[in-house]
Amino acid sequence: MAGIWIFAEKTEQALELLQAGQLLLAAGMGGELIAVTWPGGPRPEDLGAAGAAEVLLLPPLADHQPLESYGPSILEEARKVQPNLLLFSSTARGKDLASRIAEGLNAGLCSGCNALHWNSESGTLEMERLLYGGAAVQRIAPFTFPVLATVPPGTFRRGTGNPDREATIRHLPAPPVSPVSVLEHKPKERKGQDVMAAKIVVCAGRGFEKPEDLAFARNLADTLGGALACTRPLSEEMHWLPEDLCIGLSGIQVKPDLYIGIGVSGQVQHLTGIRGAKIVCAINRDEQAPIFAAADLGIVGDLYAVLPRLLQALNETAAP
Amino acid sequence: MPVLVACFKWVVDEAYIRRTSAGELDLSSVSYKISDYDRNALEEAARMKEASGGSVLAVTVGVPESTKGVKDALSRGADQAFFIADPSFGMLGASETAAILAEVIRTRIGNFDLVLCGEGSSDLYNQQVGIRLAERLGIPCLSFVQKLELEEGRVVAERRLEDGIERVSAPLPAVVTVLPDINIPRIPGVKDTLSASRKPVVTIGKDDLAVAPDAHFRTISLAASRLDRQCERFGADETDIRRFIGALRQKGVLR
Ligand SMILES: Cc1cc2nc3c(=O)[nH]c(=O)nc-3n(C[C@H](O)[C@H](O)[C@H](O)COP(=O)(O)OP(=O)(O)OC[C@H]3O[C@@H](n4cnc5c(N)ncnc54)[C@H](O)[C@@H]3O)c2cc1C
């Protein structure tokens with residue numbers, strides 16, 4: 001039994017995966033927790049403190065090489081060590097690397113895995129994921145190990161960590177030069193509010209006619225002390241808001257106390273992102289819109305009439 | 001003249017999936033479609049051909065009933081289709097699909113420049129097939145692409161990543177997986193549909209394949225997901241809006 005490997009682009013994602021890994025080991029899965037990182041990735045100290053017994057450290061990449069170039073180095077080591085499970089945070093690069101390594105190991109990869117359970121009696125790893133945009137939940141078990149999973153950020157709680165704990169560091173060899181070269185990297189500007197951490201999320205959908213009109217939604221978010229988010233068409237097709245504000249299957253999954261969808265139809269892929277919301281509200285002029293079946297409270301009406309009234313009533317009745 | 005291969009999947013339209021009172025998945029009234037982002041892959045291939053010549057070959061693995069999808073793909077600008085069909089190909093895993101696609105692309109097409117896939121299918125959304133396919137073929141893969149160009153034996157693409165946009169270049173042949181905002185897929189007209197029925201389709205059966213990939217997973221359970229919500233309705237007049245705010249305060253989610 002050769003343990004669990006984790007790989008994440010960001011430290012907070014790595015901490016989540018380490019926590020998930022620790023729970024599996026505690027349930028009797030066996031082996032050690034091992035983190036793979038690189039200069040510029042999560043720091044070995046942080047990984048050790050969060051429970052990694054060993055850190056596999058990759059050498060720096062040559063200039064203009066994409067992160068996925070590390071694939072062959074990780075694959076070769078995984079072939080030798082044969083870990084039971086490799087967990088990747090499901091960022092674009094994480095998903096890409098996981099798929100390459102899974103193919104190289106001739107192993108299964110559970111994409112978008114949102115629950116992991118080690119059944120110690122039968123010795124099976126039970127993995128859960130969504131199908132049909134979120135309309136169905138599938139539990140699967142691998143026939144063989146190693147097996148891989150990509151885990152959406154925010155799925156598991158982060159562990160607390162212990163700064164006195166230290167991982168042993170082992171260096172992995174440099175990968176061969178990749179035929180893919182990076183010509184340019186245009187970093188994204190930092191936006192203000194963190195939707196994933198917000199207690200109240202106001203989500204704008206395609207019911208808004210013009211980008212200026214989003215001011216209504218932003219106003220509501222500000223009044224409630226919440227964050228503004230959107231559906232995929234708004235970020236992807238119209239480009240009115242940045243993609244990291246898109247909630248759903250291919251965006252972020254949020255767990256606020258209150259979600260208010262405005263001009264959102266409630267297609268299953270979007271609803272998948274708000275399953276963890278405590279209270280779901282909807283404002284939509286179409287009483288047949290599927291979001292009403294997925295909402296606790298719904299206002300049937302034109303958003304252009306409802307929002308000004310809602311804002312006014314909120315301001316008037318604001319708790320002293 | 002580039003040879004462009006566009007892979008697509010014929011899938012259940014998830015909008016018609018229902019949940020029975022027992023919590024089971026009800027697929028009795030579903031219709032089918034070419035998976036959303038595969039339509040983007042087909043469209044991008046068709047546009048590349050329209051801009052610079054060459055040919056578009058559409059490839060799919062599926063159950064024999066997917067013939068409608070093959071015709072749909074041909075009406076979206078593909079010149080020829082390869083239809084790999086078997087009744088057992090309904091719920092293939094990503095690695096199995098990639099292995100079958102790789103064999104057919106290697107043995108039946110051979111000389112190709114670019115393979116285009118959607119980033120993930122709308123039914124399983126594994127987001128693995130294109131990347132695994134590239135590994136199988138031993139060629140570069142550029143995933144999550146929102147913009148694409150061919151240049152002198154290379155493909156140049158913009159990948160959308162969490163921390164920004166990465167412009168990358170790779171030698172051909174290569175695989176790309178495309179995001180939905182790369183283009184807006186056409187809606188085929190009557191003429192497109194008519195001409196589609198005259199285009200050649202190569203049908204390949206399970207017995208014609210050398211690979212017989214095994215599944216990596218077994219399904220323990222499959223159930224409709226639950227949404228337990230209260231579904232209380234309010235009107236849009238001022239009285240109702242005040243009632244709505246009152247209800248939110250009562251639930252303790254508003255200050
Ligand atoms: C594989 C896959 C992944 C996907 N991932 C995601 C994802 O992560 N997130 C996501 O959001 N989508 C995702 N989608 C897309 C999803 O299927 C829907 O297309 C999308 O969520 C619809 O967005 P919308 O509700 O804003 O737009 P629409 O469906 O167009 O709905 C607009 C709504 O606004 C209402 N409306 C219009 N005008 C008004 C008005 N004046 N007042 C009040 N209401 C009004 C209409 O009645 C309608 O219900 C994905 C799709 C696929 C295939």
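Analyst: Let's start with strand pairing: two strands count as paired if DSSP finds at least two bridges between them. Keep in mind that we're looking at a predicted model.

User: Okay, then how do strands pair in general, and over how many bridges do β8 of chain A and β14 of chain B pair?

Analyst: The general idea is that strands of a sheet pair through backbone hydrogen bonds, either parallel or antiparallel. Here, β8 (residues 136-142) of chain A and β14 (residues 217-224) of chain B are joined by 7 bridges, in the antiparallel sense. To find your way there, look for A141(A), which stands opposite R218(B) in β14(B).

User: Which strand of chain A pairs with β11(B)?

Analyst: That's strand β11 (residues 181-187) of chain A, which pairs with β11(B) in the antiparallel sense over 6 bridges. In this pairing, V182(A) sits opposite V168(B). β11(B) also pairs with strand β10 (residues 154-161) of chain B, antiparallel and over 8 bridges. You can spot V155(B) across from A170(B) in that pairing. β10(B) and β11(B) make a hairpin, with 2 residues between them.

User: And parallel pairing: which strands of chain A form the open sheet, and in what order?

Analyst: Follow the order β5-β9-β4-β1-β2-β3-β10 in chain A: these 7 strands form an open sheet with parallel pairing. The edges are β5 (109-110) and β10 (168-171) of chain A, each of which pairs on one side only. For a pair inside this sheet, take β2 (residues 33-37) and β3 (residues 54-57) of chain A, which run parallel and are joined by 4 bridges. There, A35(A) is opposite V55(A) in β3(A).

User: Now the interface. How many residues of chain A are in contact with chain B?

Analyst: 91 residues of chain A touch 78 residues of chain B. The area buried between chain A and chain B is about 7400 Å², and carbon and sulfur atoms give 55% of that. On the chain A side, E103(A), Y132(A) and L297(A) lose the most area to chain B, together 11% of what that side buries.

User: What about charges: how many salt bridges are there between chain A and chain B?

Analyst: In general, side chains of opposite charge can pair when their charged atoms come close. Between chain A and chain B the count is 14 salt bridges. One to look at joins the side chains of R232(A) and E119(B), at 3.5 Å from N to O. Over all chains, the count of salt bridges comes to 42. Polar contacts are also there between chain A and chain B: 50 residue pairs, both residues being at pLDDT 80 or more.

User: Which element gives the largest share of the side of chain A that touches chain B?

Analyst: Helix α4 (residues 92-105) of chain A does, with 8 residues. By residue type, that side of chain A divides into 47 nonpolar, 21 polar and 23 charged residues.

User: Can you show me a salt bridge within a helix, and say which helix E77(A) and K80(A) lie in?

Analyst: Sure: E77(A) and K80(A) form a salt bridge, their closest N and O atoms being 3.6 Å apart. Both lie in helix α3 (residues 71-81) of chain A, and they are 3 residues apart, about one turn of the helix.

User: On to the ligand. Why is the site shared between chains?

Analyst: The site is shared because residues from chains A and B surround the ligand. Of the 29 residues around the ligand, R206(A), T231(A), I247(A), S265(A) and Q269(A) come nearest.

User: Which atoms of T231(A) and Q269(A) should I check against the ligand's oxygen atoms?

Analyst: Check their polar side-chain atoms. One on T231(A) is 2.6 Å from a ligand oxygen, and one on Q269(A) is 2.7 Å from a ligand oxygen. For the backbone, turn to L303(A): a polar backbone atom there is 2.8 Å from a nitrogen atom of the ligand.

User: Last one: is the peptide bond from F145(A) to P146(A) cis or trans?

Analyst: Most residues other than glycine have a negative phi, and most peptide bonds are trans. The bond from F145(A) to P146(A) is cis, with omega near 0 degrees. P146(A) is in the loop between β8 and β9 (147-151) of chain A. In chain B, the bond from L172(B) to P173(B) is cis, with omega near 0 degrees, and P173(B) falls in the loop between β11 (164-171) and β12 (174-178). For phi, try Y125(B), with a positive value near 50 degrees. You'll find Y125(B) in the loop between β8 (114-118) and α4 (129-137) of chain B.

Technical notes
Residues numbered from 1 in each chain as written. Chains lettered and ligands numbered in written order. Predicted model: local features only at pLDDT ≥ 70, side-chain atom pairs only at ≥ 80, totals over all residues. Heavy atoms only, no water. Contact = heavy atoms within 4.5 Å. Buried area = accessible area lost by both parts, 1.4 Å probe. Salt bridge = Lys/Arg side-chain N within 4 Å of Asp/Glu carboxyl O. Polar contact = N/O pair within 3.5 Å; in protein donor to acceptor, adjacent residues only side chain to side chain. Nonpolar A, V, L, I, M, F, W, Y, C, P; charged D, E, K, R; others polar. Near = heavy atom within 4 Å.
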